[in-house]
Amino acid sequence: MQKEPLSKSSRTMEEKVTAEAIWNKEIVPKVMKIVSTRLPQKELITLLFVSPWIHHTLHSHPSLWLVLDFHEMSNAGNRLVSALSLPRYRNVKHINLEFAQDIEDKQLEIVKSKCGNSLLNLEILNLNGCQRISDKGIEVVTSTCPRLKVFSIYWNVRVTDVGITHLVKNCRSVVDLNLSGCKNITDKSLHLVADNFQEMESLNITRCIKLTDSGLQRILLKCSSLQSLNLYALSTLTDEAYKKISLLPHLIFLDLCGAQNLTDDGLSCIAMCKNLVSLNLTWCVRVTDVGVIAIAQGCRSLELLSLFGILGVSDKCLEVLSNFCSDTLTTLDVNGCTNIKNRNRDQLLKLFPNLTCFKVHS
C-alpha cells in the first residue's frame, strides 16, 4: 500500500523534532563543553539534572570532576563521603574543606575504608579551620593520598608532632605546607619537614609559638627551593636564624611581621635574597635605616614593603629605596613611622610613582 504523504503540519512537527534532536545531541554538548569549565561546583552539579544530553556530556569530561569544594558548608563530612563514593570523583585532585562544619576524624576513617582509592591522585588538601581533626585524622587521610603536594591545616591546636610524623611518612611530594596557628607543634616537626620535603616551595608557620631557632635553621639549611616563607608573629626567633634566610636564593615572599629580635645585621643578610618581591617588616622594632638601605640595595625587584610601626627608620631610607626600587614598588606602608616626615600620599608618589597601595597592616 502506498504511504500517504505527510501533511504540511506533520512535516513541520517532524522537522521541529529532528531539529531539537540535533540541537540536543550536537549543539548542547559543544556549548556545555565550553561553559562548564567556568562554572562553580554547585552550578555544575545542578546542570546534571537539566537533561540526559547535558548529563552525558558533563560525565564524559573527567577534567570537570577534579575538585571537591565544601568550604564553610554544613554536614561536610557526610557530603565528602557521598561525593567520593561517586564514580565521577574517582580521580579527584583538589579537596577544599576550609572551615567546613562537622568534619571529624571518623569521617576521614570512613573515606579511607569506603572510597580510599578515590584519593590516590589527590594533590591538594585544605583542612584549614577543621579543629576537630586530630593527629589520628591526619594519619588516616594522608595514608590514602601518596601524591599530595599541597597540605594546609591552619588554626588547629589538636595537631602535634605526631600528626606531622604521619604526614612526612605517607606523603613524600609535599611542596606547599601551611601549619599556621598549629600551636602544639615543636622543632621536631620542622626537623621532619626539612629532612623529608627538601623540594618545598612554600611554608607558613605563623604563630607556631613553640618553634625556636633550631627548627627554622634546619629548614633554611635543607629547603633551598623555598619561594615563600611566612614567619608572622614568631617573637622567639633570633638574628642567628634570620641571618640564614640568606641561604634561600629563590625566595620571593617573606613575612617577618612582629620579628622583635630582627636587627639590621639580620636584615642585611636577608638582603642577599635578590629575588624578593614582597617583604613585610611590620613591627620589626629593632630595625633602622641601615637594614632597610641594605634591602633597597640588594632586593631591587621589591613590589611590596611594609615598615609599619618602625620608629628607627627615617626619610633617609626612603631616599635610597627610591634610587633603587622606585620602578618596582607598588605597595609601601610607612604608617606609624614617626621619624619619616614625608609620608603622606603625595610625597610618597614623588619618590615612588608606581605606588597604588599605601597600607598593608590593619
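**Exercise 1. Place Ser-306 in the fold and work out whether it is buried or exposed.**

Start with the element: Ser-306 sits in strand β10, residues 304–306 (strands are DSSP E runs of at least two residues, helices H or I runs of at least four, numbered from the N terminus). This is a predicted model, where local features need pLDDT of at least 70 and side-chain atom pairs count only at pLDDT 80 or more, while totals for chains, interfaces and linings use all residues. Residues are numbered from 1 along each chain as its sequence is written, and side-chain values use heavy atoms, with hydrogens and water left out.

Next, accessibility: Ser-306 counts as buried because its relative accessibility is 0% (buried is under 20% relative accessible area, exposed over 50%, partly exposed in between, with a 1.4 Å probe and protein chains only).

**Exercise 2. Find which residues Ser-306 is in contact with, leaving aside neighbours within four places in sequence.**

Contact means heavy atoms within 4.5 Å. Going through the list, you get Leu-279, Asn-280, Leu-281, Thr-282, Asp-333 and Val-360. Then check the side chain: one of its polar atoms lies 3.5 Å from the backbone nitrogen of Phe-308.

**Exercise 3. Do the same for Leu-256, then look at the core.**

With neighbours within four places again set aside, Leu-256 is in contact with residues including Asn-280, Leu-281 and Thr-282. Now the core: the largest nonpolar one has 106 residues (buried Ala, Val, Leu, Ile, Met, Phe, Trp, Tyr and Cys joined through side-chain atoms within 4.5 Å). Leu-256 and Leu-281 are among those with the most contacts inside it.

Notes: A polar contact is a pair of N or O atoms within 3.5 Å; within protein, one must be able to donate a hydrogen and the other to accept it, and residues adjacent in sequence count only if both atoms are side-chain atoms.
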